[in-house]
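Q: Could you take a close look at one part of this model for me, the pocket and what sits around it? I'd like the cut-offs spelled out as you go.

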Amino acid sequence: MFHPDLIRHPDSCPTLVLNADYTPLSYYPLSLWPWQTAVKAMFLDRVDVVAHYEREVHSASLSLKLPSVIALKQFVRPSQFPAFTRFNLFLRDRFACQYCGHGRDLTFDHVVPRAQGGRTTWENVVTACAPCNLKKGGRTPRQASMPLHVEPIRPTNWHLQEHGRSFPPNYLHQTWHDWLYWDVELDA
């Protein structure tokens, strides 16, 4: 029987990367490697292949099914706190304006404006839509009568991973489903 993986271009065969404990290195963004990196790691004996695509690549002396899921042989300890980036800020705030709740035209806002001595830290920056950011201007939420939905905190990596699980990627290969626990109900 014909399998859709067979006509797939190798560049559209990303590999899900699991830590040595068989959990994804990250959920959001999902820990994916291009097929070339995964194959190189296989030959360097740094990973175990857990599942593969039906798609093969060939050299003069070798045919190899592309890995779809690999597990690192050495455990990588995740850092406790994520980098302060726009993407991580949006993820902490679930891609929603912290003033009105909308998810369109997002930017970030200093709760205590920099002009009033506010700093660019996790605890003083929130996701805001452009209209709310413009409306608030150089005032505090209290001065602008715009209460925050949630007070900003410095998230942990675990915190962001939990939020990331709410936003599964558009594409999940069938061999990945056993390793990604998006909305799985557990039996009692």
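A: Here is the pocket, followed by the residues and elements around the rest of the fold.

Before anything else, this is a predicted model, so to speak: local features need pLDDT of at least 70, side-chain atom pairs count only at pLDDT 80 or more, and totals for chains, interfaces and linings use all residues. Residues are numbered from 1 along each chain as its sequence is written, and side-chain values use heavy atoms, with hydrogens and water left out.

First, the overall frame. The protein has 4 helices and 6 strands, where helices (H or I, at least four residues) and strands (E, at least two) are DSSP runs numbered from the N terminus. Along the sequence they come in the order β-β-α-β-β-α-β-β-α-α. Of the 188 residues, 40% count as buried; buried means under 20% relative accessible area, exposed over 50%, and partly exposed in between, using a 1.4 Å probe and protein chains only. About 11500 Å² is exposed, and carbon and sulfur atoms supply 55% of that. Those areas come from the Shrake-Rupley method with a 1.4 Å probe, and for residues only the protein chains shown count as cover. Among contacts between residues at least 6 apart in sequence, 63% join residues at least 24 apart, with contact meaning heavy atoms within 4.5 Å.

Now the pocket itself. Rolling a probe the size of a water molecule over the atoms shows where empty space is left. The largest pocket holds about 500 Å³ of space. A pocket here is an open set of points on a 1 Å grid over the protein atoms alone, where a 1.4 Å probe fits, with protein on both sides within 12 Å along at least five of seven lines; lining residues have an atom within 4 Å of a point. Grid points are joined across faces, edges and corners, and the volume is the space filled by probe spheres set on the points. The lining has 21 residues, and L25, S26, P78, N157 and Q161 are the closest to the centre. By class, that lining splits into 12 nonpolar, 7 polar and 2 charged residues. For the classes, Ala, Val, Leu, Ile, Met, Phe, Trp, Tyr, Cys and Pro are nonpolar, Asp, Glu, Lys and Arg are charged, and the others, Gly among them, are polar.

Two helices matter for the lining: α2 (86-92) and α4 (157-164) each supply at least two residues. The largest share, 5 residues, comes from α4. That helix is largely enclosed by the rest of the structure, because 6 of its 8 residues are buried. The buried ones are N157, H159, L160, Q161, H163 and G164, and they pack against α2.

Over in α2 you'll find F90, which counts as buried at 11% relative accessibility. Leaving aside neighbours within four places in sequence, F90 is in contact with F95, L106, T107 and T127. With T127, the C-alpha atoms are separated by 5.9 Å although the two residues are 37 apart along the chain.

Next, the loop between β1 and β2, where N19 sits. N19 is buried, with a relative accessible area of 4%. A polar atom of its side chain lies 2.7 Å from the backbone oxygen of V76; a polar contact is a pair of N or O atoms within 3.5 Å, where within protein one must be able to donate a hydrogen and the other to accept it, and residues adjacent in sequence count only if both atoms are side-chain atoms. Beyond four places in sequence, N19 is in contact with L25, A71, L72, Q74, F75 and V76. Y22 is in the loop between β1 (15-18) and β2 (32-33). Y22 is partly exposed at 32% relative accessible area, and its phi is near 65 degrees, a positive value in a residue other than glycine.

In strand β1 there is T15, buried with a relative accessible area of 0%. The T15 side chain reaches the backbone oxygen of P67 at 2.8 Å. Past its neighbours within four places, T15 is in contact with S31, L32, W33, W35, A38, P67, S68, V69 and I70.

For contrast, look at F43 in helix α1: F43 is exposed, with a relative accessible area of 57%. Neighbours within four places aside, F43 is in contact with L62 and L64.
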